[in-house]
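Ready for some hands-on practice? Work through the exercises below with the model open beside you.

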Amino acid sequence: MTIRKTQRPTARKNQHELLLEVRNASVSFDMDRGTSKVLDDVSIDIYRDEIIGVVGESGSGKSMFASALLDAVVEPGVLSGEVIYHPPDGEPYNIRKLSDRDLKRFRWEEISMVFQGAMDSFNPTMTIGEHFEETLYAHDYELEAGMEHGRTLLKDLYLDPDRVLESYPHQLSGGMAQRALIALSLLLKPNVLVMDEPTAALDLLMQRSITSLLSKLHEEYDITIVFITHDLPLVADLADRLAVMYAFQFVEVGPCHDVLKDAAHPYTRALLKAVPNLAAALDEMQPIEGDSPDPVDVPIGCSYHSRCPLANEQCVETQPAFRNVSDRHRAACHHWSEAREVLPYTLSNETPEVMFDDAK
Amino acid sequence: MTRSEETVVSLENVGVEFSNASLFQTLRGDREVVKAVDDVSLDIRENEVIVLVGESGCGKTTFGKTAVGLQRPTSGSVKYRGQDIWDAKDGNGDVTIPFPEIRKSLQIIHQDPGSSLNPNRTILNSLSVPLKEQYPQIGTEEREERIYKLLEYVGMKPASSYASRYPHQLSGGEQQRIALGRALLMNPDLILADEAVSALDVSLRIEMMDLMHDLQREFNTSYLNISHDLANAYYFAEKVGGRIGIMYLGKLVEIGPAEEIIRNPRHPYTRVLRWATPVMDPDSITEESDEPPIRQIDIPDPKNPPSGCRFHTRCPEARETCVNRVPQLTQTGETIESGVACFRRDERDEYWQSDEIA
Ligand SMILES: Nc1ncnc2c1ncn2[C@@H]1O[C@H](COP(=O)(O)OP(=O)(O)O)[C@@H](O)[C@H]1O
Ligand SMILES: Nc1ncnc2c1ncn2[C@@H]1O[C@H](COP(=O)(O)OP(=O)(O)O)[C@@H](O)[C@H]1O
Ligand code: SF4
Ligand code: SF4
Ligand SMILES: [Mg+2]
Ligand SMILES: [Mg+2]
């Protein structure tokens, strides 16, 4: 067993084909203290067959982004903007214009969603098998073929279909329930799987087992995965691209390797130093000073300026637009190239290579 | 041993069994017994940091609570500075250190800091209670002064503003600082922090761990931390020269200096945990499904643990002999500080002649 692996193969077949386009999506809540903008004019493209990791600290707007992708923002939150879906065959359409009936169909058959805490997603009075059957039934799918596919998915997730299908949710461990939920979400063969902190509250070993199974499922069924988490190291080993959120917006988007290797946004650079990580030297690690902004009162200029060592007048006054760092790598910072020079970090200076000296 | 005077807590062959049985079940004879901790020994020294790592259900919390005198072991002994904790409690023999003093010296911080703070009390009130109990002689003014000073220590400035808040007015990280502060008010020798760090957002963990290290220097406390995350464990232990202990289904299967555990994991289970720990190195990012190096990804039911080496149902190296014999933790280093419980450590063990089952 070696931990070090060869470089990942570059972009799979379709990774430049658009699948989802989010345009100027905002979510706001009216509060006593004023309007709270918890997703702030976000635009991003998601490509077919990629795994995109969305990372950011809690409260940065990740779950709001996930809800926006499925037009599922809960009241009294108000979503504006567009989410355009490009089906594999057929014309693109704005999912915000779908009828309730079409939206319901869309949510399982095109895009499916998995949340943290499988136990809450399952109905405690129904067996796992009944959940599978009900889903097939509600979408007019053929039961026998559908259950056959369900069993295959359960097996793919290292679950025993006979045992799991007849169990009630509480009879499964957290890790088993979460895997059963992933199988259920893939039952109607969606093209996209959106996962919001799907492994939080599980042991690290189970989290890693799940991400490794996900990358297998991704290969096997050509699913595009949007994996949302605060846990950067976890998704860094899984994702093709990373999208970093700070204060209700994306601040950096790029190939995972490039973002880790030489992040362009000062926040990303600070975050990479602030996360416990076996690859970095211990005394390099450092927390990020200061607090993130309140959604009711986000500064006019760059939302990171109160914490940023590079902030100047321009940063306080003008909100930075996305700039191209390279072909597929973008960052929203006025001074990204300077950041790369003056805010150093290293992740791989001392990768602990695992030595296995068996009983010698 | 000459070290004994600097040992704060010494656990010897500790076992903790729970039996979950109703009267009805007992009558029918199907009592369910869980051996949450099975024959574990550990010395925790002054100023020492030990992090216990393992999957949920493997007995970390139970063992930790036993170490701080909150859980009575069903076998073995737990001593605080040489005094058996439960003899002190029961008044058995010559009690040199009274139980209340032991309890005060051994503190705990829970995973969920919110639940350990009374939602209807201000922080000042919450912190006053234990102080009043322990030091009834000090006046209100001095008490408040101590609390403010402590809040400043845990980085909550201005202290008077934080002291007047209610728990729901604090973030998770701030609540965790309060919990740490409250434990420190008792000037303890040992703090058990049960998943106190992993409950926080990844970007806040370093800050919390650095704070705990600073306070250790200030107050000379030892820490017994519990975590399921080897990267946190490594940071917390290695930064101050501490140890990591790996638990599996009630057993301590490997222990050693943090650096050793990370760079040279010896027990097959430690290697699995090492595999599970992401390495955020852009040059070694892997993609293709690299399969978990275990035979089963689910942990067996602790109520019905496997025979022999408890890891044999998942171990990639398991052989027939592992099904029947229980490996003992044997010393790997020169000192008593490290050990591994696996037959593979002994080149003369019959393991090597046994048939593979993996
Ligand atoms: N129902 C709500 N009403 C008002 N604000 C909310 C509501 N739900 C979430 N928020 C706020 O929206 C912001 C973003 O939340 P969320 O998307 O859940 O963050 P994340 O998933 O990154 O932790 C937070 O500041 C949160 O407090
Ligand atoms: N008070 C209790 N009564 C019965 N069983 C318990 C009790 N506390 C823990 N257990 C059982 O003991 C085992 C170890 O639990 P615990 O120490 O909480 O593990 P960990 O902290 O590693 O998750 C588990 O199987 C758990 O269900
Ligand atoms: S725009 Fe200015 S304040 Fe914002 S991240 Fe860049 S340098 Fe820092
Ligand atoms: S004793 Fe056997 S089963 Fe146990 S860890 Fe060692 S090789 Fe694996
Ligand atoms: Mg969220
Ligand atoms: Mg526990």
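Domain bounds here come from an automatic or database domain assignment. Keep in mind that this is a predicted model.

**Exercise 1. Find the two domains of chain A and describe how they meet.**

Step 1: Start with the bounds. Domain 1 of chain A covers 15-239, and domain 2 covers 272-349.

Step 2: Get a feel for the spacing. Taken over C-alpha atoms, the centres of domain 1 of chain A and domain 2 of chain A sit 29 Å apart. The contact draws on twelve residues from domain 1 of chain A and ten residues from domain 2 of chain A.

Step 3: Look at the area. About 870 Å² is buried between domain 1 and domain 2 of chain A, with 51% of it on carbon and sulfur atoms. On the domain 1 side, Arg33(A), Glu57(A) and Leu232(A) lose the most area to domain 2 of chain A, together making up 40% of what that side buries.

**Exercise 2. Track down salt bridges in chain A: how many cross the interface of its two domains?**

Step 1: Use the cut-off. A side-chain nitrogen of Lys or Arg must lie within 4 Å of a carboxyl oxygen of Asp or Glu.

Step 2: Apply it across the interface of domain 1 and domain 2 of chain A, and you get one salt bridge.

Step 3: Now check a pair. Arg33(A) forms a salt bridge with Asp294(A), and their closest N and O atoms are 2.8 Å apart.

Step 4: Try another. Arg23(A) and Asp45(A) join their side chains in a salt bridge at 2.7 Å, N to O. This pair links distant parts of the chain: Arg23(A) is in strand S1 (residues 18-31) and Asp45(A) in strand S2 (residues 34-47), 22 residues apart.

Step 5: Zoom out. Over all chains, the rule gives 36 salt bridges.

**Exercise 3. Explore the second largest pocket: which strand gives the most to its lining?**

Step 1: Note the space, about 840 Å³. Of the 41 lining residues, Val40(B), Ser41(B), Leu42(B), Leu252(B) and Leu329(B) are the closest to the pocket's centre.

Step 2: Go through the strands. In chain B, S1 (7-20), S2 (32-45), S9 (243-248), S10 (251-257) and S11 (330-331) each supply at least two lining residues. S1(B) gives the most, with seven.

Step 3: Sort the lining by type: 17 nonpolar, 13 polar and eleven charged.

**Exercise 4. Locate the cis peptide bond between Glu75(A) and Pro76(A).**

Step 1: Check omega, which is about 5 degrees.

Step 2: Place Pro76(A) in the loop between helix H1 (62-69) and strand S4 (78-85) of chain A.

Notes:
Residues are numbered from 1 along each chain as its sequence is written. Chains are lettered from A and ligands numbered from 1 in the order in which they are written. This is a predicted model: local features need pLDDT of at least 70, side-chain atom pairs count only at pLDDT 80 or more; totals for chains, interfaces and linings use all residues. Side-chain values use heavy atoms; hydrogens and water are left out. On a 1 Å grid over the protein atoms alone, a cavity is a set of points where a 1.4 Å probe fits but cannot get out, and a pocket is an open set with protein on both sides within 12 Å along at least five of seven lines; lining residues have an atom within 4 Å of a point. Grid points are joined across faces, edges and corners, and a volume is the space filled by probe spheres set on the points. Helices (H or I, at least four residues) and strands (E, at least two) are DSSP runs, numbered from the N terminus. Ala, Val, Leu, Ile, Met, Phe, Trp, Tyr, Cys and Pro count as nonpolar, Asp, Glu, Lys and Arg as charged, and the others, Gly among them, as polar. Contact means heavy atoms within 4.5 Å. Buried area is the accessible area (1.4 Å probe) that two parts lose on being put together, summed over both.
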